[in-house]
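Me: I'm new to reading protein structures and would like to go through this one with you. Could we take it step by step, with the reasoning spelled out?

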Amino acid sequence: MGQRAHALTMPEEPEADPIERVRGLSGGRFHRDYFRPKRPVVLDGFALDWPAVRTWSLPYLATLEPKTTVYVEKGNVIQGDADFAVVNFQNYVQRLLDKDDEIHDPSRPKRPYATLIDILRVFPELTADLRMGFFTDLTMLNATYGWVGPAGTVTGYHTDWSDNILIQVAGRKRVLLVPPERTNCMYPTRRYEFRSDMSAIDVKAWDPVRHPRYAEARPATVVLNPGDILYVPPKWWHRVESLDISISINNFGQDWRGLLRNEAPARMMETLHNWGFYGKDCTCHMMVEGKRVAKATQLVGSNWK
């Protein structure tokens with residue numbers, strides 16, 4: 001027990017490679033200095049004049065299409081076994097505004113978090129509020145998602161196969177980043193997630209006996225304020241935690257190199273996974289009465305509205 005108590009502290013190593021924060025970055029320089037060499041960067045205040053950052057708030061989101069439903073996660077789906085539900089988006093936002101205990105109480109480890117909202121499909125009128133051309137002009141296949149939730153929600157350590165930008169619209173988020181060359185410190189698992197790789201490292205329960213090399217990972221820490229954009233290249237490990245009630249947008253993009261390298265294997269793995277031949281431990285299925293079923297099929301009729 002003494003060893004385990006000691007394990008709950010983060011390794012106190014200095015950052016190996018602090019992430020640059022750059023203001024006034026042009027699209028050409030972003031491509032030359034960061035996107036092409038796959039170097040992460042914070043575009044400091046880059047989106048401050050975007051309509052999304054100037055106008056989106058919880059009261060504003062509550063005025064959008066009233067019948068929209070979204071998925072919420074309760075817990076850390078990457079390192080833990082999260083619960084899922086489908087909720088009415090406006091009701092969820094109102095509970096954030098009302099300081100509902102289930103959502104805001106810090107003693108509850110499984111506070112609901114609206115994740116991977118296909119935001120431009122369900123709210124197409126918001127498209128004009130985002131100005132992502134500096135990034136999407138460099139890519140051929142893009143997917144844009146919204147993230148809305150209370151302080152304390154976490155997306156655990158993972159990597160994405162795609163280039164990724166995270167746009168902080170409201171509130172703050174803390175991001176830990178570890179470069180691909182220190183993957184041996186991150187204890188990758190075989191847990192399946194489409195176009196992603198998972199880590200066994202749960203920062204709040206790090207165990208130096210089971211995962212000693214994480215002490216050498218020396219993650220860089222970035223705090224994103226409203227209007228900041230973080231570029232996360234493929235294969236960079238990252239963990240994201242909301243410090244406040246937060247509204248974020250991210251865009252996954254693939255250029256032609258990424259499409260050639262990643263898309264065919266990702267689709268093949270997805271097909272085999274859906275047939276039950278690959279990745280039985282995953283973030284998207286659950287066992288119901290002894291049968292493996294997609295979590296999405298169990299969400300309709302959820303009692304958390």
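Reply: Happy to! This is a predicted model. Let's start with one pair of facing residues: Thr-159 has a residue of β10 opposite it, and that residue is Asp-197.

Me: Over how many bridges do β7 and β10 pair?

Reply: Strand β7 covers residues 154-160. Its pairing with β10 runs in the antiparallel sense. The number of bridges is three.

Me: Which strands stand at the edges of the open sheet?

Reply: The sheet has five strands in the order β10-β7-β13-β9-β11, with antiparallel pairing. An edge strand has a single partner, so one of its sides is left without a neighbour in the sheet. Those at the edges are β10 and β11.

Me: By how many degrees are neighbouring strands of this sheet turned against each other on average?

Reply: Here the direction of the strands is ignored. Taken that way, the average turn between neighbours in this sheet is 30 degrees.

Me: Which residue of β11 does Leu-177 stand opposite?

Reply: Strand β9, residues 173-178, pairs with β11 in the antiparallel sense over five bridges. Within β11, the residue facing Leu-177 is Ala-220.

Me: Which residues make up the uncovered face of β11?

Reply: In a regular strand, side chains alternate between the two faces of the sheet. In β11, the covered face has Ala-220, Val-222 and Leu-224. The uncovered face has Thr-221 and Val-223.

Me: Now for charged side chains. How many residues apart in sequence are Asp-44 and Arg-21?

Reply: These two form a salt bridge, with their closest N and O atoms 3.5 Å apart. Asp-44 lies in the loop between β2 and α3, while Arg-21 is in strand β1, so the pair ties together separate parts of the sequence. Their separation is 23 residues.

Me: Is Asp-44 buried, exposed or partly exposed?

Reply: Buried means under 20% relative accessible area and exposed means over 50%, with partly exposed in between. Asp-44 has a relative accessibility of 23%, so its class is partly exposed.

Me: Which residues does the network of salt bridges containing Arg-21 join?

Reply: Salt bridges can share partners, and here that sharing builds one network. Its members are Arg-21, Arg-23, Asp-44 and Asp-228.

Me: Where does Lys-38 lie, and how many residues separate it from Asp-163?

Reply: The side chains of Asp-163 and Lys-38 meet in a salt bridge at 3.0 Å, N to O. Asp-163 is in strand β8, whereas Lys-38 sits in the loop between α2 and β2. The pair links distant parts of the chain, and the separation is 125 residues.

Me: What is the relative accessibility of Asp-163?

Reply: Its partner Lys-38 is partly exposed, with a relative accessible area of 26%. Asp-163, on the other hand, counts as buried. Its relative accessibility is 2%.

Me: How many salt bridges does the count come to?

Reply: One more example is Glu-241 with Lys-204, whose side chains meet at 3.4 Å, N to O. That pair links strand β13 to the loop between β10 and β11. The full count is 14 salt bridges.

Me: Finally, which side chain is joined to that of Asn-250 by a polar contact?

Reply: Asn-250 lies in strand β14, and at 3% relative accessibility it counts as buried. The residues it touches include Tyr-145, Asn-164 and Leu-166. The polar contact is 2.9 Å, and the partner is Trp-147.

Key. Residues numbered from 1 in each chain as written. Predicted model: local features only at pLDDT ≥ 70, side-chain atom pairs only at ≥ 80, totals over all residues. Heavy atoms only, no water. Salt bridge = Lys/Arg side-chain N within 4 Å of Asp/Glu carboxyl O. Helix = DSSP H or I, 4+ residues; strand = E, 2+ residues; numbered from the N terminus. Buried < 20%, exposed > 50% of the residue type's maximum accessible area, 1.4 Å probe, protein only. Pairing = 2+ DSSP bridges. Axes fitted to C-alpha atoms, helices over the stretch in contact; angles between N-to-C directions. Polar contact = N/O pair within 3.5 Å; in protein donor to acceptor, adjacent residues only side chain to side chain. Contact = heavy atoms within 4.5 Å. Lists of a residue's contacts leave out its neighbours within four places in sequence.
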